[in-house]
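Good morning, colleagues. Please take a moment with the sequence and the model on the screen before I go through the parts I have selected for today.

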Amino acid sequence: MGDEILRMAATRLAHCSRGTNTAAHLGGDAFAIICTELGHGNLVQSMAQRLIEAMTKPFMTDDETIRATASIGIALFPGDADQLIKFADMALHQAKASGRNRYHIFSPAMDESVRRRKGLEDDLRRAIDDEAFTFLYQPQLRLGDGQVYGAEALVRWNHPDRGLVSPADFIPLAECTSLIRELGHWVLRTVCVQGRAWADAGHGDLRIAVNLSAVEFMSDDLLDNVRGALAESGLQPQKLELEITESAIMEDMEKAIATMQGLREIGARLAMDDFGTGFSSLAYLKRFPVQALKIDRSFVKEILLSAEDAAIANAVISLGQSLKLEVIAEGVEELAQADHLRQAGCDSAQGFYFGRPVPPA
Ligand code: C2E
Ligand code: MG
Ligand code: MG
């Protein structure tokens, strides 16, 4: 049926690109058209629009109606043939990234951003080999008595030219490549060793929280890596809290639940990070063996100014209480925010008001 649809798509494509144009099937679901006479004005845009419209009409096979989407990347002369295809491909990625049924025209700035990204990726690969990362730890405390009970490990990349690079910049990059698995494994080992060092120094009660990326969470090595990191370091499993995000879970709910159960069997704690920002499915939440919900910083930020944000924060707190989950507020920057959260029944908090992320010592 796939072949049949490709044939129909090819016919429509050929129909839209009649004249002096050349149309080709590049392989898989990719086609290319070379337009030699576009003339002036925005003919290329109108042609792209026509193509998208043609491709989004339903495909009728003998017994089914199939709907498809199309994304188009466009590169304009000058440039040699190889380069044009490469540039069109970059534009295609851009078109796909900005949604379905779009076209995008290549610009030199795109080439530059891809080059920069590639440079960063090479640097990251080297940094993983050299272990050029450090961790900062942000204290987490109970709102009731102000006692610090744990710390969240936040990775930093110490880049030779760029200085400290934020994880928000390089974790997504690492996630697009296989680098995240190595990095994640290293993060787990290092954090467990730190947790053990604190326990040995007399802080046996301290819990240590570590973020798992979505890719890491879904990888088949995760359970072995966690088991290995705990065994190597000698850290007690219940002192390790793994933070996962909703987006990591939504990809494959059943697999996610199985992974979470595996982590629980190992004895580690689980917290749902950035809670409320993803597609929180309450029906699933009750099946997730998590112990804590972290109220996302975006709700805490406006908690005193926006009735809506306060309502969401309060609702997460009530939800946590009813489901017997610990609730941790992230990004508390002011005493008044902490007071509001405490009064609403929130168990714990972290944020610049109590302490910025700092080196382990
Ligand atoms: P997150 O897990 O939600 O971490 C909280 C982020 O909020 C941290 O940013 C922290 O420095 C920042 N933060 C804490 N308190 C405040 C506050 O009061 N005000 C403001 N404005 N910000 C505050 P950071 O360190 O840049 O980390 C960003 C994200 O990168 C983290 O979000 C986490 O998702 C990810 N990340 C950090 N370390 C790791 C890691 O080792 N592995 C993985 N996979 N992801 C990590
Ligand atoms: Mg976190
Ligand atoms: Mg968070």
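Within this predicted model, Phe-170, Ile-171, Ala-174 and Glu-175 of helix 5 make contact with Leu-179, Ile-180 and Leu-183 of helix 6. By residue class, that contact comprises 6 nonpolar residues, no polar ones and 1 charged. As for geometry, the axes of helix 5, residues 167-176, and helix 6 come within 6 Å and cross at roughly 125 degrees. An angle counts as roughly perpendicular from 65 to 115 degrees and as roughly antiparallel over 145; helix 5 and helix 6 are therefore oblique to each other.

Helix 6 also leads us to the nonpolar interior. Which helix gives the most to the largest nonpolar core? In that core, which has 71 residues, the members touching the most others are Phe-133, Phe-217, Leu-242, Met-260, Ile-295 and Leu-341. The helix that gives the most is helix 6, residues 179-200, with 9 residues. As general background, nonpolar side chains in soluble globular proteins tend to be buried together. Leu-341 may serve as an example: leaving aside residues up to four places away in sequence, Leu-341 touches Leu-143, Ile-295, Val-300, Ile-303, Ile-317, Ala-329, Val-332 and Cys-346. There is also a second, separate core of 16 residues, and Ile-5, Leu-13, Val-44 and Ala-54 are among its members.

I turn now to the metal sites. The magnesium ion listed as ligand 2 is coordinated at 1.9 to 2.2 Å by Glu-152 through OE, Asn-211 through OD1, Glu-243 through OE and Asp-273 through OD. Along the chain, these donors follow the spacing E-x58-N-x31-E-x29-D. Asn-211 belongs to strand 10, residues 207-211, and Glu-243 to strand 11, residues 240-245, so this pair ties together parts that are 32 residues apart in sequence. Are these two donors buried or exposed, or in between? Glu-243 is buried, at a relative accessible area of 1%, whereas Asn-211 is partly exposed, at 29%.

The magnesium ion listed as ligand 3 has its protein donors at 2.0 to 2.5 Å: OD of Asp-273, OD of Asp-274, and OE of Glu-330, which is listed twice. In sequence, the spacing of these donor residues is D-D-x55-E. Which residue coordinates both magnesium ions? That residue is Asp-273, and the two ions, ligand 2 and ligand 3, are 4.1 Å apart. The cut-off for burial is under 20% relative accessible area; Asp-273, with 6%, therefore counts as buried. Asp-274, with 26%, counts as partly exposed.

Finally, I should like to draw attention to two backbone conformations. Most residues other than glycine have a negative phi. Asn-101, however, has a positive phi, near 55 degrees. Asn-101 sits in the loop between helix 3, residues 81-97, and strand 6, residues 103-105, and is partly exposed at 30% relative accessibility. Glu-131 likewise has a positive phi, near 50 degrees. The loop that holds Glu-131 runs between helix 4, residues 108-130, and strand 7, residues 133-142. With 45% relative accessibility, Glu-131 counts as partly exposed.

That concludes the presentation, and I welcome your comments.

Technical notes: Residues are numbered from 1 along each chain as its sequence is written. Chains are lettered from A and ligands numbered from 1 in the order in which they are written. This is a predicted model: local features need pLDDT of at least 70, side-chain atom pairs count only at pLDDT 80 or more; totals for chains, interfaces and linings use all residues. Side-chain values use heavy atoms; hydrogens and water are left out. Donors are N, O and S atoms within 2.8 Å of the metal (3.2 Å for Na, K and Ca); water is not among the atoms, so sites may look incomplete. Helices (H or I, at least four residues) and strands (E, at least two) are DSSP runs, numbered from the N terminus. Buried means under 20% relative accessible area, exposed over 50%, partly exposed in between (1.4 Å probe, protein chains only). A nonpolar core is a set of buried Ala, Val, Leu, Ile, Met, Phe, Trp, Tyr and Cys residues joined through side-chain atoms within 4.5 Å. Contact means heavy atoms within 4.5 Å. Axes are lines fitted to C-alpha atoms, for helices over the stretch in contact, and angles run from 0 to 180 degrees between N-to-C directions. Angles under 35 degrees count as roughly parallel, over 145 as roughly antiparallel, 65 to 115 as roughly perpendicular and the rest as oblique. Ala, Val, Leu, Ile, Met, Phe, Trp, Tyr, Cys and Pro count as nonpolar, Asp, Glu, Lys and Arg as charged, and the others, Gly among them, as polar.
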